[in-house]
Amino acid sequence: MIIYLHGYDSTSPGNHEKVLQLQFIDPDVRFVSYSTQHPKHDMQHLIKEVQKLKEQSDDEHPLICGVGLGGYWSERIGFLCGIKQLIFNPNLYPERTMEGRINRPEEYADIATKCVTDFRKKNAGNCLCILSTQDEVLDNRHTKDVLGDYYEIIWDDQETHKFKKISQHLQTIKTFKDTH
């Protein structure tokens, strides 16, 4: 089972395209939607939904993935629910990068302070991060500096922030998903 979390633009046709591409790895891809506007509510909702999907599945190696804001949530929710994560161009600081676009940016900062201390150190090896060199929204060199000590980083020279095409990484993703 692969759980897919959309980014800030939940209605982007790119979400459907990524879900279709992920079905080449695992036919059981679940799309979980959330508001993007209310971080604390979103976190509670996502934990509840992901835990429910995990309990309903017999997949020994479920994976949660997302792009941008979906990557932010995939890393945290995957860690809290005990499943591997795949993140594309994760938005590590939505309280700064999305100010003016979301209702309560301060809630992201609050979530960061309430999360498990050193959670990335405890999560090391359980997350695969794919970053675009062509990301027009985020500085992925900084993302690599923050995450590189904990997770494998793969660079992509073709895609932009929304990462429309992921097929060139499917074999790597499948290998990551299927390993213990």
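Helices here are DSSP runs of H or I, at least four residues long, numbered from the N terminus. With that in hand, let's walk through this structure, which is a predicted model.

A good place to start is helix H2, residues 39–56. Its 18 residues should span 26 Å at 1.5 Å a residue, and the end C-alpha atoms are 25 Å apart, which agrees. The buried residues of H2 are Pro-39, Asp-42, Met-43, Leu-46, Glu-49, Val-50 and Leu-53. Viewed down the helix axis, these buried residues fall within an arc of 145 degrees, so they line one face of H2. On the face turned away from that buried side you will find the exposed residues Gln-44, Lys-48, Glu-55 and Gln-56.

H2 also holds a salt bridge of its own. The side chains of Lys-52 and Glu-49 meet with an N to O distance of 3.5 Å. Both residues lie in H2, three residues apart, which is about one turn of the helix. An α-helix has 3.6 residues a turn, so residues three or four places apart point the same way. Glu-49 is among the buried residues of H2, whereas Lys-52 is partly exposed, with a relative accessible area of 38%.

A similar pairing appears in helix H8, residues 170–178, where Asp-178 and Lys-174 sit four residues apart, about one turn of the helix. They form a salt bridge whose closest N and O atoms are 2.9 Å apart. Asp-178 is partly exposed at 37% relative accessible area, and Lys-174 is partly exposed at 31%.

Now turn to helix H3, residues 69–81. The end C-alpha atoms of its 13 residues are 18 Å apart, in agreement with the 18 Å expected at 1.5 Å a residue. How enclosed is H3 by the rest of the structure? Twelve of its 13 residues are buried, so H3 is largely enclosed. Including Trp-73, Glu-75 and Ile-77, the buried set runs from Leu-69 to Cys-81. After H3 comes Gly-82, whose phi is positive, near 75 degrees.

One of those buried residues, Glu-75, forms a salt bridge with Arg-120, at 2.6 Å from N to O. Arg-120 lies in helix H6 (residues 119–123) and Glu-75 in H3, so the pair ties together parts that are 45 residues apart in sequence. Both Arg-120 and Glu-75 are buried. In total, the structure holds ten salt bridges, and Asp-26, Asp-59 and Lys-177 are linked in a network of them.

H3 matters to the next part of the tour as well. The largest nonpolar core has 20 residues, and those with the most contacts inside it are Ile-3, Leu-5, Trp-73 and Ile-77. Strand S1 (2–5), H2, H3 and H5 each give two or more residues to this core, with H3 giving the most, at five residues. Apart from this core lies another, of 19 residues, among them Ile-2, Leu-22, Leu-63 and Ile-154.

Our last stop is Arg-104, in the loop between helix H4 (94–97) and helix H5 (105–114). At 35% relative accessibility, Arg-104 counts as partly exposed. Beyond its neighbours up to four places away in sequence, Arg-104 touches Gln-37, His-38 and Pro-39. Its side chain makes a polar contact of 2.6 Å with that of His-38. The C-alpha atom of Arg-104 is also 9.9 Å from that of Thr-36, 68 residues away along the chain.

Terms used. Residues numbered from 1 in each chain as written. Predicted model: local features only at pLDDT ≥ 70, side-chain atom pairs only at ≥ 80, totals over all residues. Heavy atoms only, no water. Buried < 20%, exposed > 50% of the residue type's maximum accessible area, 1.4 Å probe, protein only. Contact = heavy atoms within 4.5 Å. Polar contact = N/O pair within 3.5 Å; in protein donor to acceptor, adjacent residues only side chain to side chain. Expected span 1.5 Å × (residues − 1). Arc of directions from axis to C-beta. Core = buried A, V, L, I, M, F, W, Y, C linked by side-chain atoms within 4.5 Å. Salt bridge = Lys/Arg side-chain N within 4 Å of Asp/Glu carboxyl O.
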